[in-house]
Amino acid sequence: MANIINLDRVSKGYGAAGQLLTDVSLGLDDDARLGIVGLNGAGKSTLLRLLAKSEEPDSGRVTHRRDLRVATLPQTLDLAAEATVRDVVLGTAWLAQSMGAEHEWAGDAGVRAILDGLGMGYLGLETPVGPMSGGERRRVALAALLVRESDLLILDEPTNHLDVAGVDWLARHLLTRRGALAVVTHDRWFLDAVCTATWEVVDEQVHTYEGGYAAWILSRAERQRVAAVVEARRQNLLRKEIAWLRRGPPARTSKPQFRIDAANALIADVPPARDQVSLQRLATSRLGKQVYDLENVTLKAGPKTILDGLTWQVGPGDRFAILGANGAGKTTLLRLLAGVTTSPDGGRLVTGSTVRAAFLSQELKELPGDLRLLEAVEEVAKRVKLGDRELSAGQLAEVFGFTDKRIWTPVSDLSGGERRRLQLLRLLAGEPNVLLLDEPTNDLDTDTLAALEDLLDSWPGTMIVASHDRYLVERVTDTAYGMFGDGRLVHLPGGVDEYLARTASRTMPGVSAPDGVRETAVGLSAGDLRQAKKDLARLERQLAKLEERIVKINEKLADHGSDYDKIMELDAQLKATQNERAEVEEAWLELAEQVPGN
């Protein structure tokens, strides 16, 4: 297998930013599916530019195979305001510098299919790009790369501005695409779904691993364990992350299997990611019984109806995920709960008297640029209690990846990703009991995301997260709801998979939702909801008794192995009890779909 790109003793640095890469020698073969990871500012995007030869190294050499066709999606784009979607996707001006070779024309049908997959089906090919948002322009540019063949596709944060369905479509599309791929992304589900190799940029070097995100976490933990170069706190965090990967959804755990004794030892006797009973108890003591009660709420964003007659209850300790396409109204709903929007357009929102909410918006709020990082945290609180832990401002900053030296950096000198981390840090320092998080993973690297999730696992309060990051949603929330643009909030017992199935059935004629998936909108009155919860508890007690009865009958069957008449009698009892259990389970499932948190 021949390399299409070789890096030979490559070094690169930038003045104030310092040295990023030193004497790096690597090769990229012609069918590589490569994910590049590392902390913010480590040099990931720089490495992509060196691979594309859009920048030259300070020393060393980057060589390409002759006639190599490279297509690149950079972080920043410069598209002419007067250009149309057709000009960008099928034109040559923007891609001339990227492709470096003649491209093959794609028909309108192919372009439409790709725009639909990226959530841009509402655009016409003659739509100008000038008035578009940054996210829309970026997706149009991504479509321009996907309609063309290339030997190497280089993507820098391609999942930014894509919703869950868009990320899923892009992963499936790239898996069928010929040629090599190199991608920088913080989306860990995407890395696992697409990549077969991982490069980690750290300490001016690039370490190589086989497999996607799960493989990288396991291999890195093993390397660190053998070398014994990382303190116990970091090892504990990695052990917990590995434990999550092992017991996570099948799509993730079906990645390359590792049978390394040392890696298995790392996850021995690891406690559950969350002690839900203890957290629920702590949340109730902090919040009381009432958090948010929405009664027949109507909510609009301009002329568009976001919610139409919604009745919904959010209780202490609830961990909800809100899924939906861009523009479905997730942010509008969070702004209502946070009090940014003062009142709904109809109905009533009742907020518990003890609620102290913290709202993380997608925009970077104004931070105190005249202060140093540690001072900006201490401005909110010098000591912070999170669950059963009490941390100083400096210790909390360390959790978010700020080293001893970095905490004295002026806020005005922080990068975008570091400002995002500081914004989150200051929110948690205020010790809220309700967290409303709008795309919290934006601009955060994978290590910081793992640390954040570990922190949220032990956070005792109510949490509502609107995110396109499938990994985060599955890790830190317990219940999912979908917004499909029809004014309803739909309970999704099947989580992200059910959301994708419903989305496909709505957007693709002839595709129906899978068996067992029913439209269930949240719409119970407060009284009906209380009664439904009581009925659920009753059914659960009934199920427990039936399970005990089945166990006892099986024990009796074992004791009367030679008594034919007794066996026939017990067998009839067992079948009747099993049938009764099946009926009770069916009743429980039907009721559970209507009750939040089940």
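Trainee: Let's start with T477. Which backbone oxygen lies 2.5 Å from a polar atom of its side chain?

Mentor: That is the backbone oxygen of V473. Keep in mind from the outset that you are looking at a predicted model. The residue T477 sits in the loop between helix 18 (470-476) and strand 19 (479-483).

Trainee: Is T477 buried or exposed?

Mentor: Buried means under 20% relative accessible area. T477 has 9% relative accessibility, so it counts as buried.

Trainee: How far should I trust the coordinates, and what is the mean pLDDT of the chain?

Mentor: The general rule is that low pLDDT tells you not to read the predicted coordinates in detail. Here the chain has a mean pLDDT of 80, with 79% of its residues at 70 or more. Two stretches call for caution: pLDDT stays under 50 over residues 250-263, where the model has 20 contacts beyond four places in sequence. It also stays under 50 over residues 509-521, with 25 such contacts.

Trainee: Now the overall picture. How many helices and strands are there in the chain?

Mentor: Count 21 helices and 20 strands. The chain has 598 residues, and 52% of them count as buried. Among contacts with a separation of 6 or more, residues 24 or more positions apart account for 70%.

Trainee: How do I read a nonpolar core, and which residues have the most contacts inside the largest one?

Mentor: In soluble globular proteins, nonpolar side chains tend to be buried together. In this chain the largest nonpolar core holds 46 residues, and L118, L146, L155, L174 and F190 have the most contacts inside it. Helix 5 (residues 134-146) gives the most to this core, contributing 7 residues. Separate from it there is another core, of 39 residues, including L386, I407, M463 and V476.

Trainee: Let me zoom in on L155. What does L155 touch, not counting residues up to four places away in sequence?

Mentor: Its partners are L48, L73, L142, L145, L174, L181, A182, V183 and V184.

Trainee: Next, sheets. What is the order of the open sheet of 6 strands?

Mentor: Read across it and you get 5-6-7-3-8-9, with mixed pairing. Strand 5 (70-73) and strand 9 (205-210) each have a single partner strand, so they stand at the edges with one side lacking a neighbour in the sheet. On average, neighbouring strands here are turned by 15° against each other, direction ignored.

Trainee: Which way do strand 8 and strand 9 run?

Mentor: They run antiparallel, joined by 6 bridges, with strand 8 covering residues 197-202. For a pair to look for, A197 stands opposite E210 in strand 9. Helix 5 packs on this sheet, touching strand 5 and strand 6 (152-156), and its direction makes about 170° with that of strand 5.

Trainee: Staying with helix 5, is G135 buried or exposed?

Mentor: G135, which lies in helix 5, is buried, with a relative accessible area of 9%. Compare sequence with space here: G135 and L162 are 27 residues apart in sequence, while their C-alpha atoms are 8.2 Å apart.

Trainee: What about strand 1: how many bridges join strand 1 to strand 2?

Mentor: There are 8, between strand 1 (residues 3-14) and strand 2 (residues 18-29), and the two run antiparallel. V10, for instance, has V24 as its bridge partner in strand 2. Strand 1 is also joined to strand 4 (residues 59-64) by 5 bridges, again antiparallel. There, S11 has S59 as its bridge partner. As a general idea, side chains in a regular strand alternate between the two faces of the sheet.

Trainee: Lysines next. Is K330 buried or exposed?

Mentor: K330 counts as buried, because its relative accessibility is 7%. It belongs to helix 13 (residues 330-338), and its side chain reaches the backbone oxygen of G324 at 3.0 Å. Beyond four places in sequence, K330 touches I322, L323, G324, A325, A466, H468 and M483.

Trainee: And K53, what is its phi?

Mentor: K53 has a positive phi of about 65° although it is not a glycine. You'll find it in the loop between helix 1 (44-52) and strand 4, and at 38% relative accessible area it is partly exposed. E439 has a positive phi too, of about 50°, and is not a glycine either. E439 sits in the loop between strand 17 (434-438) and helix 17 (446-457), and it counts as buried at 5% relative accessibility.

Conventions:
Residues numbered from 1 in each chain as written. Heavy atoms only, no water. Helix = DSSP H or I, 4+ residues; strand = E, 2+ residues; numbered from the N terminus. Buried < 20%, exposed > 50% of the residue type's maximum accessible area, 1.4 Å probe, protein only. Contact = heavy atoms within 4.5 Å. Polar contact = N/O pair within 3.5 Å; in protein donor to acceptor, adjacent residues only side chain to side chain. Core = buried A, V, L, I, M, F, W, Y, C linked by side-chain atoms within 4.5 Å. pLDDT = per-residue confidence, 0-100. Pairing = 2+ DSSP bridges. Axes fitted to C-alpha atoms, helices over the stretch in contact; angles between N-to-C directions.
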